[in-house]
Each structure stands twice: as C-alpha cells, then as structure tokens.
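Colleague: I have a few questions about this model before I go back to the bench. Could you take me through it?

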Amino acid sequence: MATMHHAPFRTRIIGTGGWAPPRVVTNDEMQKLVDTNDEWIVQRTGIKTRRLIDFEGQLGTSEMCEHAARQALDDAGLSAADLELIVVGTVTPDLRLPSCAIMLQDRLKAKNAAAFDVLAACAGSAYALSVVDKFLASGSVKRALVVGAETLTSITNWSDRNTCVLFGDAAGAFVVEAVPRDEGGAGLIDVDIYSDGSTWQHIYIPKGGSLHPLMPGDVEDKQDRLIMNGREVYKFAVRALVEAAKTVLADNGFTIEDVDLVCAHQANLRIIEAISDRTHIPLDKFVINIDRYGNTSSASLPITFDEARRDGRMKPGQLVLMMAIGAGMTWSAGLYRA
Ligand SMILES: CC(C)(COP(=O)(O)OP(=O)(O)OC[C@H]1O[C@@H](n2cnc3c(N)ncnc32)[C@H](O)[C@@H]1OP(=O)(O)O)[C@@H](O)C(=O)NCCC(=O)NCCS
C-alpha cells in the first residue's frame, strides 16, 4: 500500500526527536548474563553497546515517547495543543490497555489530538507514518505526531543469547504537517507497507495474549518473552527490503544513483551491508548507529533519521530512502525529499 499521489496535500516532517535511556550496556556486561563475548556480538551484529532502562524495564514506553516528542515539538516550534493526531508504533505499551498513544497524549496534554497505536513491531514507525500520511494527504488532519518507541527490555528473555544481545530501548518522533502537494520543497514522496502473515512464527511472544493468557508458571518459563528464528529473519529481511527499495524507487521514477541517504531500521549491521551489496547503494550512504543503540525496533527508523538531521548529514534537497522490517513479517520502504 503506497502514498496517495493525487491527494491535495503531502506530508512534511517539520520536527524530529530521539531519546534513549542514559544507561549504556557494553558487550562485556552482556557476557555476565549469557554465554557470549564482545567479538561474537561485534562480528555477527555490529553492536558494541546498547542503551537499556533496566533489565526488567521499569520505565513505561510512554515516558520515553514523551522525551522524544517534546524534542520534536521544540524542533518544529509547535506546542502539544497544535497536534490533531498522535500515532505510536509500539509492541510494548505501558499497559495492555489503554494504548501507549493515549498515555502519551495525557503526558503531553495534547488535548486536541486523537491518539492510537499501530502494532507492526520493528516496522511500527514506518506503518505509523504511512497511516498518518493518509490523514494528512486527505486534508482531514493538519499536524500530527508519529512516534516509534520500544521498551524491549520488558519482553526480552535475558537468558537467551540468541536474542538478548541484540536489543536496546529508545524512542524516536516525527512532527509532521500537511503542505499543499504543488508547493515543492521537503516532503514525503512515498511510503509503501507490506505484510506476510505466513511468517509470524519467525518472531513472536508465546503467551500473555487472548489465545494463551498467562497462567501460573508461565513467567518463570519465560513464556511472556520474545522468541526469534534469527537466521530466517535475516534471510527474509535482506530479500524483502532489497525488493521494496527497488520498487519504491522505480514506482517514483528514481534510480539507485538518485539516493543520497538511507535511514534504515538497524537490526544487524550485516543486514545493512547485504542490502548495500545487493542494491549497489554504497554503504557510506547508510546512516548507522546500531553500534551504539542495538536494535531498538520501531524507534530505530526515527532515531536514525533524527540523528542524520541533527548532525547535518541530511541536507535539504537530498533524497532519503527509508526502510524498516519487523515481526509479522511487516516491512516498509519509503522516499523522503529532505
Ligand atoms: C541473530 C543473528 C545475529 C545470529 O547470527 P547468525 O550468523 O545467523 O548466527 P546463527 O544463528 O547461525 O548462530 C551461530 C552460532 O552462534 C551461536 N550464538 C547465538 N547467539 C550468540 C551469542 N550472543 N553469543 C555467542 N554465540 C551465539 C548460536 O547458538 C550458534 O551456535 P551453534 O552453531 O553451536 O548452534 C542473525 O541471525 C540476525 O541478526 N538475524 C536477524 C535478527 C533480527 O534482525 N531480528 C529483528 C528483526 S526486526
């Protein structure tokens, strides 16, 4: 599903923000939890440190959202009352009910905004951007907040070395505004979203939902924690994102050479390298921060975009390719004119 090219408005990102908890956890510290080592983690994933709240996640996701959202609002020169819509991509809301977006709305006192979550795992912020883009394109919403935030500590199995070394906590935010389509300048050109439900068992949490409510003993058995088939995810991610990137470029009349910058979900440095190899987009065009943050799921895309924008790497007029992929599998590729 793509952007509405003939709609009266398009989406411009007018403010960005990114936040991660201050606690930096090294690979040597992970070695105290599971049978692993710095060399394995760096070689297989590119991760050197990650930022974690605490191993049992004692800070709600909405609090991280608030930090990132306030930065993005400041950057945009807006106040929370200017927002008409808040969409949060997360799989780790503060509570099972209500949504994280509702908690965020309350924190920000964004009283004029409707608020809801989308659940598309690591592609959550890309999905949220796609949803919000439709509201803006139609003219029904003028200004909105898109957040990707994840307290992965709260769903990580800290005794599973296959997964626990990969993840980090963070939140990233975009403040977006509808601008007339014929105005030119910065704006979202397209954002495609995809799903393949036949692959849901590649990443899932066995219990705690309606199918298998948590029973006595399940917490001790880590049934409320994420399980992943890393090898299958790896293969799927490379294949799907290469295809999606080529499609969004071709559909909008661009070639690989037109891409100035890539803000991709940071799941594994090797996945990014493989995408660079297969698309022939040089690796130095990819914004990389997985070494410092690990895989922060739906926060990954917006914090990467925010970092590139703030450090001056993203320059006005550049063509930015955005990519994300997550459990489902769900994935996305988009194009943004900076
Ligand atoms: C998880 C991932 C890093 C594993 O890398 P890999 O090269 O595929 O490694 P494998 O799964 O083949 O495992 C190789 C060996 O390393 C071991 N291993 C796994 N994690 C380890 C760790 N943290 N430290 C040391 N050894 C580890 C495995 O047990 C396996 O040992 P074995 O051969 O004795 O069974 C990689 O598959 C990956 O990044 N997948 C995508 C994950 C992802 O992005 N998920 C989120 C999507 S949004």
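Colleague: Which residues come nearest to the ligand?

Modeller: This is a predicted model, where local features need pLDDT of at least 70, side-chain atom pairs count only at pLDDT 80 or more, and totals for chains, interfaces and linings use all residues. Residues are numbered from 1 along each chain as its sequence is written. A residue is near the ligand if its C-beta atom, placed from the backbone, lies within 6 Å of it. Of the 19 residues around the ligand, those that come nearest are Thr36, Cys122, Gly230, Ala267 and Asn268.

Colleague: Which elements each supply at least two residues of that shell?

Modeller: Elements are DSSP runs numbered from the N terminus: helices are H or I with at least four residues, strands are E with at least two. By type, the shell divides into 9 nonpolar, 7 polar and 3 charged residues. Here Ala, Val, Leu, Ile, Met, Phe, Trp, Tyr, Cys and Pro count as nonpolar, Asp, Glu, Lys and Arg as charged, and the others, Gly among them, as polar. The elements you want are α2, α6, α7 (230–251) and β12 (319–326).

Colleague: Where does the ligand lie relative to the domains, and why?

Modeller: The domain bounds come from an automatic or database domain assignment. They give domain 1 (9–183) and domain 2 (187–288 + 300–337). Both domains give residues to the shell, so the ligand lies between domain 1 and domain 2.

Colleague: Which element gives the most to the side of domain 1 that touches domain 2?

Modeller: Contact means C-beta atoms, placed from the backbone, within 7 Å. On that basis 31 residues of domain 1 are in contact with 34 residues of domain 2. Elements giving two or more residues to the domain 1 side include β1 (9–19), α5 (124–138) and β7 (170–180). With 7 residues, the one that gives the most is α5.

Colleague: Is alanine 324 buried or exposed?

Modeller: Alanine 324 lies in strand β12. Among the residues it touches, not counting those up to four places away in sequence, are Cys122, His265 and Trp331. Buried means 20 or more other C-beta atoms within 10 Å of a residue's own, exposed 12 or fewer, and partly exposed in between, with C-beta atoms placed from the backbone. Alanine 324 has 36 within 10 Å, so it is buried.

Colleague: How many residues does the largest nonpolar core have?

Modeller: A nonpolar core is a set of buried Ala, Val, Leu, Ile, Met, Phe, Trp, Tyr and Cys residues joined through C-beta atoms within 7 Å. This core draws at least three residues from each of domain 1 and domain 2. Ile86 and Ala144 have the most contacts inside it. The size of the largest core is 111 residues.

Colleague: What span does α7 reach from its first C-alpha to its last?

Modeller: The expected span is 1.5 Å times one less than the number of residues. α7 has 22 residues, with 32 Å expected. Its buried residues include Val233, Leu241 and Val248. The span α7 reaches is close to expectation, at 31 Å.

Colleague: How many residues of helix α10 are buried?

Modeller: The buried residues of α10 include Leu301, Phe305 and Asp306. α10 is followed by glycine 312, whose phi is positive, near 85°. Helix α10 (residues 300–310) is largely enclosed by the rest of the structure, because its buried count is 10 of the 11 residues.

Note on methods. Contact = placed C-beta atoms within 7 Å.
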